[in-house]
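Please open the model in your viewer and show it as a cartoon. The tour below goes from one selection to the next and says what is found at each stop.

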Amino acid sequence: MNDQVNEVQGVVVGYDGSPSARLALEWAAETARQLGTRLTIVHSVNLSMVPAFPAVDLSHVEPMLEQAAKSLVDEGAEHASRSLEASLISTQYWLGSPAGQLVDASHDADLLVVGSRGRGRLRSGILGSTSYAATAHAHCPVVVVRGHGEADEHTDELHVARPGPGRPVVVGIDDSEAAQRALDAAAAWAEREHAMLHVVRVAHSAAMEAWTYAETSRASTEDTHALREHAEQSVARAAERARADHPGLEVTTAVLYGDPGRTLAELARTAGLVVVGSRGHGGFTGMLLGSVSHRLLHDAECPVLVVR
């Protein structure tokens, strides 16, 4: 089922009418406006929600499902038109797996945006299965819109905070190629949103798991001195690269200690966007999402951009 047959491109957002999806839609529409690109709103009818599927004859219920799906994406398009020109908004809807359809749509997208959880979530603190699967398998960068939103003082509508003055773009780096791509993406976002770029490396070693370790810049062993020196050189090179590509961009750096995912999630409390690679230097071959990106998608309190 398709409302329009235009090729999917630009910013693609999954929409199911849930509060989380509404925040994702609002965020995606504003992003499309800033990028000057199209917004495609997609919805997939989850057949597992159809009573007695697959025994039921879908020919009797498909028209009803199609009408419900059309009404849903039309509602989304109307909401998105408040911030984006209507001619730049298209909609698509199908029968099938929501995650699978989002992954298919990501083939021709510049960016995929999903909410942290959909209608099927039982616990608000846990990432929804569709969001996780789409992030793990997408063919383009993915933003998972985290956070509960802040009320607009004039309309009382909820909006997710974006990067800007006082809300930096935070990027977590290591020595992986994915981290380099994350750095480049984060710098571009920070420049476009007039935000500061905060480059962070979390110094972490397997030995730390066995220590009672104090988070301090005055590490007291030869190993931790070497670890910190390498991390400081790493963030310095990253900052130099970002400044060279984006003259005038304000860039700060930090070397922290502890669990990388948890540490970045703590920084997300005051950030407008956290950016990470899909799988870092420590990931196992074949992993679709690394432990750091996985932890952030569950715990961050602001949108998270996962770069492949």
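Two strands count as paired when DSSP finds at least two bridges between them. With that in hand, select V13 and V113: the bridge partner of V13 in β4 is V113. The model you are looking at is predicted.

**The whole chain**

Before going further into the sheet, colour the protein by secondary structure. It has eight helices and twelve strands. Of its 308 residues, 49% count as buried. Among contacts between residues at least 6 apart in sequence, 78% join residues at least 24 apart.

**The sheet**

Now select the strands of the sheet. Ten strands make up an open sheet with mixed pairing, in the order β3-β2-β1-β4-β5-β12-β11-β8-β9-β10. Go to the two ends of that order: β3 (89–95) and β10 (251–257) are the edge strands, and each has a single partner strand, so one side of each has no neighbour in the sheet. From one strand to the next, the twist averages 20 degrees.

**From β2 across to β12**

Select residues 11–14, which are β1, and residues 39–45, which are β2. These two strands run parallel and are joined by four bridges. One pair to label is V11 and its bridge partner in β2, L39.

Step from β1 to β4, the strand already visited at V113. The two run parallel, with three bridges between them. Select residues 111–115 to show β4, then add β5: four bridges join this parallel pair. Here V113 stands opposite V143 in β5.

Which way do the residues of β4 point? L111, V113 and G115 point one way, while L112 and V114 point the other way, and all are buried. Five of the five residues of β4 are buried, so the strand is largely enclosed by the rest of the structure.

β5 can be viewed in a similar manner. V142 and V144 lie on one side and V143 and V145 on the other; all are buried, and both faces of the strand are covered. Keep V143 selected and add L305 in β12, which stands opposite V143. β5 and β12 run antiparallel and are joined by three bridges.

**The β10 edge**

Move to β10 and select V251, which lies in this strand. Is V251 buried or exposed? Its relative accessibility is 8%, so V251 counts as buried. Show what surrounds the residue: leaving aside neighbours within four places in sequence, V251 is in contact with L197, V199, A239, A242 and R243. For a distance to check in the viewer, take V251 and H198, which are 53 residues apart in sequence and 5.9 Å apart from C-alpha to C-alpha.

Next select A254, also found in β10. A254 has 18% relative accessibility and counts as buried, because the cut-off is under 20%. Not counting residues up to four places away in sequence, A254 touches H198, V199, V200, R201 and V235. Its C-alpha atom is 9.1 Å from that of A231, a residue 23 places away along the chain.

**Two helices, α7 and α8**

Select residues 260–267 for helix α7 and residues 291–299 for helix α8. Their axes come within 8 Å and cross at roughly 40 degrees. The crossing is right-handed. Show side chains at the contact: P260, G261, R262, L264 and A265 in α7 meet V292, R295, L296 and D299 in α8. By class, this contact has five nonpolar, one polar and three charged residues.

Bring the sheet back and ask which strands each helix touches.

- β5 (142–145), β11 and β12 (304–307) are the strands touched by α8, which packs on the sheet with its direction at about 155 degrees to that of β11.

**Two cysteines**

Finish with the cysteines C140 and C302. How many disulfides does the structure hold? The number is zero. C140 is buried, with a relative accessible area of 4%. C302 is also buried, with a relative accessible area of 3%.

Note on methods. Residues numbered from 1 in each chain as written. Predicted model: local features only at pLDDT ≥ 70, side-chain atom pairs only at ≥ 80, totals over all residues. Heavy atoms only, no water. Axes fitted to C-alpha atoms, helices over the stretch in contact; angles between N-to-C directions. Left-handed = near helix turned anticlockwise from the far one by under 90°. Contact = heavy atoms within 4.5 Å. Nonpolar A, V, L, I, M, F, W, Y, C, P; charged D, E, K, R; others polar. Disulfide = S-S within 2.5 Å. Buried < 20%, exposed > 50% of the residue type's maximum accessible area, 1.4 Å probe, protein only.
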